[in-house]
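Take a moment with the sequence and the fold before reading on. The paragraphs below go from the whole chain to two of its helices and the core.

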Amino acid sequence: MDDEKICGINKKNLEDSVKILSALLNNKSMAILNLIHEKGECSVTDVQETLGIEQPVVSTYLNKLKRLGVLESRKLGHFIIYKVCLKKVKYINNAISRLK
């Protein structure tokens, strides 16, 4: 049933929110998300140099957060620039608030 609700929240949306929150339990994911939010936009190199995390690890976390819809990206020359998808973050925050 696609429109099944839990506490007034669409079940699929709630499940997606749980996946995102699970990903953010990792300190590196949270640090990357915080950095991008604070700076507005970051490339893989920006994240790597600022947080001292190896490039393959940064790329893995960025791709996961993008797949989950928490980050958006755009190309700028040879770089991919990431920014926080505020709409998704606000939705998750609202969903959590409803569960309190």
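What follows describes the chain as a whole, then helix 2, the nonpolar core and helix 4.

This is a predicted model, in which local features need pLDDT of at least 70, side-chain atom pairs count only at pLDDT 80 or more, and totals for chains, interfaces and linings use all residues. Residues are numbered from 1 along each chain as its sequence is written, and side-chain values use heavy atoms, with hydrogens and water left out.

The chain has five helices and five strands, where helices (H or I, at least four residues) and strands (E, at least two) are DSSP runs numbered from the N terminus. Read from the N terminus, their order is β-β-α-α-β-α-α-β-β-α. Of its 100 residues, 29% are buried; buried means under 20% relative accessible area and exposed over 50%, with partly exposed in between (1.4 Å probe, protein chains only). Among contacts (heavy atoms within 4.5 Å) with a separation of 6 or more, 50% join residues 24 or more positions apart.

Helix 2 covers residues 27-39. At its start, a side-chain oxygen of asparagine 26 comes to within 2.7 Å of the backbone nitrogen of lysine 28. Ser29, Ile32, Leu33, Leu35 and Ile36 are the buried residues of helix 2. Viewed down the helix axis, these buried residues fall within an arc of 160° (taken from the directions from the axis to the C-beta atoms), so they line one face of helix 2. An α-helix has 3.6 residues a turn, so residues three or four places apart point the same way. Asn27, His37 and Glu38 are exposed on the other side of helix 2. Glycine 40 follows helix 2 with a positive phi, near 95°.

The buried face of helix 2 leads to the core. The largest nonpolar core (buried Ala, Val, Leu, Ile, Met, Phe, Trp, Tyr and Cys residues joined through side-chain atoms within 4.5 Å) has 19 residues, and Ile32, Ile36, Val47, Leu62 and Leu71 have the most contacts inside it. Two or more residues of this core come from each of helix 1 (11-24), helix 2, helix 3 (44-51), helix 4 (55-67) and strand 5 (79-84). Leaving out residues up to four places away in sequence, isoleucine 36 touches Glu41, Cys42, Val47, Leu62, Leu71, Tyr82, Lys83 and Val84.

Which residues of helix 4 are buried? They are Val58, Ser59, Tyr61, Leu62 and Leu65. These residues cover an arc of only 170° around the axis, which puts them on the same side of helix 4. Thr60 and Arg67 are exposed on the other side. Just after helix 4, glycine 69 has a positive phi of about 90°.

Methods:
The expected span of a helix is 1.5 Å times one less than its number of residues. A polar contact is a pair of N or O atoms within 3.5 Å; within protein, one must be able to donate a hydrogen and the other to accept it, and residues adjacent in sequence count only if both atoms are side-chain atoms.
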